[in-house]
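This report walks through selected features of one protein model. It takes a helix first, then a loop residue, two sheets and an annotated span.

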Amino acid sequence: MLQYDYGSGEERGWILSESNFDSGMLGKGESIMALGNGYMGIRSAYEESYLQQKRNTFIAGTFNKFDGHEPTELPNVPDVAEMKIVLNKEHFSLEKGVIETYRRNLHLDTGELVRTVVWQSPLGNRYRLQFRRFVSLENKHLTGTEVEITSLTGSCTIEITSGINGQLTNTGAQHFREGEKRIYNRQVLEMLQTTTESNIDFLVYSAHHWRIDGEEILVEPAATMSRRRIDASYSYTAAEGQTVSVEKLSMYYTSRDLQTQDMATAELRQYALETSTAEFAKGYHALFSESRNRWKQYWEDVDIQLDSPNVFDQLSIRFAQYHLLIMTPAHDTRFGIGAKGLTGEGYKGHSFWDSEIFILPYFLYNYPDLARGLLEYRYHTLDGARKKARENGYEGAMYPWESGFTGEEETPVWGAANVVTGTATKIWSGFIEQHITADIAYAVWQYFTATRDDEFMDRCGSEMLFETAAFWASRVEWDEAKDAYVIKNVIGPDEYKEHVDNNAFTNYMAQWNIATAAAHYLDIRENRPDVYERLNTALLLDERYPKWLELADRLYLPAPREEDGVVPQDDTYLSKPVIDITKYKRASSVQTILRDYSRDQVIGMQISKQADLVMLMYLMNDRFNEEVQESNWKYYESKTIHDSSLSMAVHSITANRFGDREAAYECFAEAAAIDLGPNMKSSDEGIHAASLGGIWKSIVFGFGGVHMKDGELHLNPRLPESWTRLTFPLMWRGKRLTVTVTPGELEVRSDSAGEFTILSGNKTYAVNGSLKIKL
Ligand code: BGC
């Protein structure tokens with residue numbers, strides 16, 4: 001069971017706590033309590049092994065392809081978290097004996113995972129064990145574990161076998177060759193493995209230190225090497241009441257690491273061994289304290305405080321911000337964020353529109369440099385997107401629906417069983433879910449508007465904007481009947497509608513992409529002649545511009561229906577039959593409708609997987625008045641199962657905009673519960689990265705009312721009834737602001753010098769230091 005109000009005083013709202021052990025529900029804790037630093041992520045499987053565990057460690061950007069029939073995926077790298085513990089000849093396992101006390105806490109403030117157990121063995125011996133683990137925010141290669149064992153009944157021979165386990169696979173796919181193993185000075189274990197296709201070398205080091213009541217002692221290990229595995233086995237007999245602690249420190253390096261990528265394997269090996277040995281000498285506590293200081297700094301920058309009677313609300317935003325940091329490869333702009341972060345094999349580590357539309361805004365308003373880094377990832381993969389466009393007969397850049405290292409399409413072609421035919425269902429997203437190309441352009445423009453970073457635009461952003469517009473311009477076709485250009489045969493955000501024509505979200509986003517590129521073309525031609533020269537030569541801007549101008553005007557944009565303001569999601573949606581979907585909306589797991597109906601049957605009905613029209617209202621809310629937003633929200637929400645974790649947060653924000661605070665809070669609470677909530681099966685494959693970004697967005701964009709329009713910052717907060725205060729930081733044009741909202745007042749503070757303006761309720765205010773506005 002998860003406990004959300006654990007801890008007293010200052011600690012409350014910072015600890016994600018688990019109060020019992022359940023071997024049937026391991027996946028949830030492994031994912032939501034995962035540790036990481038953006039370079040690596042380690043699922044929090046226990047030290048001792050269990051049948052239903054999923055041991056995963058991933059290193060960002062290190063994709064490998066098992067064979068030509070499968071897309072690339074992040075390989076599950078050799079594991080260092082595992083330890084076999086034998087106490088007086090009995091295997092320590094919580095599935096045996098009696099658990100007298102159990103507590104596992106993830107400290108969101110420090111990034112440490114602590115488990116404390118009092119265990120009675122089947123033979124009746126009692127032990128107290130405490131496990132601590134962290135992944136360093138200071139040294140991205142490093143992770144450490146400390147195990148303390150105290151025998152409470154008589155002396156105890158403690159046997160520990162611990163090492164580096166390269167026998168793991170990604171659900172059966174082994175991504176590594178056997179490699180080499182070695183032990184240095186009877187202390188430092190080394191494993192060198194290389195991926196089978198991408199040829200990335202992985203170097204893993206581990207060392208152990210033993211202490212008795214705090215004093216280091218030398219316990220000589222017996223080393224064993226077997227296929228893809230190297231271990232050190234220790235044995236030590238402790239007296240009753242004596243606390244034995246075993247520290248295990250480990251480091252990972254790869255030949256893809258930016259700083260060392262030019263080194264030959266032997267040189268990297270030497271370097272990695274030396275730096276690992278030097279770090280190991282510092283010991284768990286010193287290393288952890290370096291990392292803890294980094295976490296402290298992070299929270300000083302980003303912490304959001306809210307006064308809600310429900311402590312879950314406070315915990316949920318910190319939980320989201322914890323994960324948003326550990327999922328993000330801030331160290332290397334060649335890598336993207338996976339849909340499950342680095343916490344599980346789900347979606348193979350691939351990046352989706354989740355990154356630009358759901359996660360990037362968090363960084364844009366907290367660490368704009370990291371937002372730029374995420375966009376640079378898409379710049380690094382632009383050639384892959386160009387290749388996809390070419391191969392499909394289009395111009396410009398067509399971004400892949402699922403993206404790995406190269407920017408080529410990585411979406412698997414076959415998926416779950418079709419309940420009617422018994423065959424595998426074809427996944428069409430990689431072929432026709434094309435809105436991602438406009439979503440990326442949209443994020444580029446958001447970044448530019450918020451930061452005015454010309455350097456980025458000149459180097460990357462303008463090219464991305466023009467190439468994505470060029471794709472759409474070659475993708476549209478003329479429709480005589482509609483007397484407009486149309487986009488046929490796509491999947492919009494709602495993946496329960498395939499092969500549709502004129503998906504409103506796609507058309508509006510494509511039109512926006514083209515119109516923005518056209519305006520930007522004029523701007524650089526006028527104001528940045530060098531950039532214009534270069535890009536015009538490379539991308540034929542002069543030639544493309546007239547078509548963009550025409551399309552900006554004549555691309556078909558479905559309009560609200562006269563009778564009720566409903567915008568058709570696509571050409572046929574509104575003519576399909578409606579069924580009662582209450583059962584599926586209430587189900588505790590997702591996609592249960594596909595157990596009753598085949599995908600084709602679902603496609604034939606007015607059933608939506610997730611926000612689609614509502615998503616459009618959210619991104620383009622200036623184009624639709626509040627009444628239209630409300631009627632569409634009501635129409636489509638009743639047909640939406642929310643079978644994607646991307647759905648609820650967006651419903652929350654839009655409901656808030658048209659003033660339904662109750663619905664806004666309900667949807668926020670549902671979004672916040674996706675990973676953190678009591679459903680113990682929701683996160684087995686990994687956390688839901690986009691939904692975590694969505695939690696931040698529901699608070700800051702929804703309740704906090706932050707909105708950027710025409711390059712201006714608008715603040716129109718609307719707190720949920722039950723909240724009495726919300727305080728959040730916001731980076732705006734190089735200034736760090738603190739925004740505080742209470743039911744009657746909005747306060748904006750900035751510690752940096754200089755005046756700036758904000759808008760609230762359509763009035764412009766100048767802020768110099770601090771400003772209070774009555775609400
Ligand atoms: C959703 C997509 C999302 C993907 C990855 C799918 O289930 O329908 O919108 O991008 O998951 O999170």
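The structure is a predicted model. Several elements cover the buried residues of helix α2: among them are strands β13 (142-151), β15 (180-184), β16 (188-194), β17 (201-212) and β21 (243-254), along with helix α3 (283-302). Which residues of α2 are buried? They are Leu268, Arg269, Ala272, Leu273, Ser276, Glu279 and Phe280. Viewed down the axis of α2, these buried residues fall within an arc of 135°, so they line one face of the helix. The general geometry fits: an α-helix has 3.6 residues a turn, so residues three or four places apart point the same way.

The length of α2 also checks out. The helix runs over residues 265-280, which is 16 residues. At 1.5 Å a residue it should span 22 Å, and its end C-alpha atoms are 22 Å apart, so the two values agree.

Next comes a loop residue. His141 sits in the loop between β12 (126-135) and β13. Is His141 buried or exposed? Its relative accessible area is 8%, under the 20% cut-off, so His141 counts as buried. Beyond its neighbours within four places in sequence, His141 is in contact with Tyr39, Met40, Ser250, Met251, Tyr252, Tyr253 and Asp257. Two of its polar approaches are tabulated here.

| Atom or group of His141 | Partner | Distance |
|---|---|---|
| Side chain of His141 | Side chain of Tyr39 | 3.4 Å |
| Polar atom of the His141 side chain | Backbone oxygen of Tyr252 | 2.8 Å |

Now the sheets. One is an open sheet of three strands, ordered β3-β4-β5, with antiparallel pairing. Its edge strands are β3 (35-36) and β5 (57-59), each pairing on one side only. β3 and β4 (residues 40-42) are joined over two bridges in the antiparallel sense. Leu35 has Ile42 of β4 as its bridge partner.

Another open sheet has five strands in the order β9-β8-β14-β20-β19, again with antiparallel pairing. β9 (90-91) and β19 (222-226) stand at its edges, each with a single partner strand, so one side of each has no neighbour in the sheet. Inside this sheet, β14 (residues 156-165) and β20 (residues 229-238) pair antiparallel over ten bridges. There, Thr161 is the bridge partner of Ser233 in β20.

Last, the annotation. An unreviewed UniProt entry lists residues 318-697 as "domain: Glycoside hydrolase family 65 central catalytic". In the model, this span is 54% helix and 3% strand. The end C-alpha atoms of residues 318-697 lie 13 Å apart.

Conventions
Residues numbered from 1 in each chain as written. Predicted model: local features only at pLDDT ≥ 70, side-chain atom pairs only at ≥ 80, totals over all residues. Heavy atoms only, no water. Pairing = 2+ DSSP bridges. Helix = DSSP H or I, 4+ residues; strand = E, 2+ residues; numbered from the N terminus. Expected span 1.5 Å × (residues − 1). Buried < 20%, exposed > 50% of the residue type's maximum accessible area, 1.4 Å probe, protein only. Arc of directions from axis to C-beta. Contact = heavy atoms within 4.5 Å. Polar contact = N/O pair within 3.5 Å; in protein donor to acceptor, adjacent residues only side chain to side chain. UniProt positions renumbered as here; feature names shortened; annotations may be inferred.
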